[in-house]
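Student: Please take a close look at one part of this model for me. I would like the protein surface that meets the DNA, described contact by contact.

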Number of protein chains: 2
Amino acid sequence: MSDSTFPEVRSLDLFADMSDENYAKLMRGAYLQTFPPHVDLIGEGEGADFLHVLVSGAVDLFSRWNNRETSVMIVKPVSTFILAATIRDARYLMSARTMEKSRIVMIPSQDVRAIFDLDAGFARAVVVELAACYRSVIKTTKNLKLRTALERLANYLLSRHRAYGAPASFDLDLEKRQLASVLGMTPENLSRAFKALQAYGVAVNGEKIEITNPALLQKFAKPTSLIDDDQT
Amino acid sequence: MSDSTFPEVRSLDLFADMSDENYAKLMRGAYLQTFPPHVDLIGEGEGADFLHVLVSGAVDLFSRWNNRETSVMIVKPVSTFILAATIRDARYLMSARTMEKSRIVMIPSQDVRAIFDLDAGFARAVVVELAACYRSVIKTTKNLKLRTALERLANYLLSRHRAYGAPASFDLDLEKRQLASVLGMTPENLSRAFKALQAYGVAVNGEKIEITNPALLQKFAKPTSLIDDDQT
DNA sequence: CTGCTTACTTGATATTTATCAAGCGGGCAT
DNA sequence: ATGCCCGCTTGATAAATATCAAGTAAGCAG
């Protein structure tokens, strides 16, 4: 296991529990590719021929309808994307494009399905991963249906703040227009929302965020682990 | 297999591929319970001790936050709910209540996880089911972020119309207030939305819906399999 | 049958969010 | 360094959606 191909991939929860032999089999048809920024990787509706593992960079999973577009989620390394389509041998529901220069390992879907049947450890890891993905999207749905855009932003900021260990200030890890799309609002509205949060102790300077009064912001945002926690 | 306990459960995709022996093991700790209408089954945040299988009736999976409430999905028989929480041994993300008198088989979560490791057919079925659930929620998210409430209603009607085989008229299978909540709007707005769709060939009379001009409605709704199809 | 409850509808209004149109300002290529 | 592109901001306005307040009608219990 120490000298496996793509060690970053091997150490992911999804691939950590399988036998060396099966991991090697899975990687036999896999290849690493490096993409420049802002390159289309996948178009929604295409067949899911590969499971993708983002090793470095960042990928935007988005969707279009009727001339509108929205970011459904942002993938940060190291993690997989479009596992569900791979498993079901179905079409991609989202398009994908790189946001920065990205290195991606592509594993043929048929191999993923074959190894799933051979390796119980992998099977268990797949199901645990998929369940986590499912729960994450349910949280997104609750966030969208139960909260206003301002409340979503407030909770996003608190969530990042907490993830970074509650520092005095931190930088947004997304461009504001990207963030707006993820949160389900327009860039103009995000701008105004940031301003509105000044009243709750949020200071914004470019991409630097300062939460000067966490208690006040929390009182407004009312975060809950059943929506805002990445883990549970 | 012909005389298994809970034959309706056994014939679900999720349980159809496992051995008789393992199915029997899984059902050893399971029990069928009948609930009256409008009874709370589960509160969000509670531990997921049971996988639930709805055998008859209907169940509303909903969530509350800050004094607001929304239906995330409606479960119709025969199908399971909260598989993901069961798999991850996590807390429920949604509350559940019966809408009508309902019969529900409850299977201890620990048994589900144990049999998953024993039975490859069951493991495969679980992962396929979870992947389908995931994709379904992704579609919901796209529906919410890319469409207005009026567009969501139009597509919902077309989708039901198609599912029933494009009849001259059909009845809504949800109360309007329920439907409003599922579609992410208020009952008042749903009422007005129905009126607005008259212009596109939709006639509403109580719970009876007539789509007098499907082509016109489709031109407005622009349905796509990547959002509106239950299967793919 | 009568009266009650409850869902639904309708109208008026407020809030939230999007759109359109400038303007500002930082980063990057020439 | 200069100028240009692009993302961000701001203001004005429009559209979408929610809220509040009655009113209507259908179903059900007495």
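Tutor: What follows goes through the surface around each DNA strand and then turns to one glutamate. Keep in mind that the model is predicted.

Start with DNA strand C. It is surrounded by 15 residues. The closest are Asn189(A), Arg192(A), Lys176(B), Arg177(B) and Ser191(B). By class, this surface has 8 charged, 5 polar and 2 nonpolar residues. Three helices each supply at least two of its residues: helix 9 (187–197) of chain A, and helix 8 (176–183) and helix 9 (187–197) of chain B. Helix 9 of chain B gives the largest share, 4 residues.

Now the atoms of strand C. Of those within 4 Å of the protein, 64% belong to sugar or phosphate, and the rest belong to bases. Individual pairs show both kinds. Asn189(A) places a polar side-chain atom 3.1 Å from a phosphate oxygen of DNA strand C. Lys176(B) uses its backbone: an N or O atom there lies 2.8 Å from a phosphate oxygen of the strand. A base is reached too. A side-chain N or O atom of Arg192(B) is 3.0 Å from a base nitrogen of DNA strand C.

Next, DNA strand D. Around it are 15 residues, of which Lys176(A), Ser191(A), Arg192(A), Asn189(B) and Arg192(B) come nearest. The surface divides into 8 charged, 5 polar and 2 nonpolar residues. Helix 8 (176–183) and helix 9 of chain A, with helix 9 of chain B, each supply at least two residues. Here the largest share, 4 residues, comes from helix 9 of chain A.

For strand D, 63% of the atoms within 4 Å of the protein belong to sugar or phosphate; bases supply the rest. Two backbone pairs involve phosphate. A polar backbone atom of Arg177(A) is 3.0 Å from a phosphate oxygen of DNA strand D. A polar backbone atom of Ala149(B) is 3.1 Å from a phosphate oxygen of the strand. On the base side, a polar side-chain atom of Arg192(B) lies 2.8 Å from a base oxygen of DNA strand D. Arg192(B) thus pairs with a base nitrogen of strand C and with a base oxygen of strand D.

Last, the glutamate. Glu151(B) sits in helix 7 (residues 149–163) of chain B. Its relative accessible area is 7%, so it counts as buried, the cut-off being under 20%. Beyond its neighbours within four places in sequence, Glu151(B) touches Trp65(A), Asn66(A) and Arg68(A) in chain A, and Leu146(B) and Phe220(B) in chain B.

Technical notes:
Residues numbered from 1 in each chain as written. Chains lettered and ligands numbered in written order. Predicted model: local features only at pLDDT ≥ 70, side-chain atom pairs only at ≥ 80, totals over all residues. Heavy atoms only, no water. Buried < 20%, exposed > 50% of the residue type's maximum accessible area, 1.4 Å probe, protein only. Contact = heavy atoms within 4.5 Å. Near = heavy atom within 4 Å. Polar contact = N/O pair within 3.5 Å; in protein donor to acceptor, adjacent residues only side chain to side chain. Nonpolar A, V, L, I, M, F, W, Y, C, P; charged D, E, K, R; others polar.
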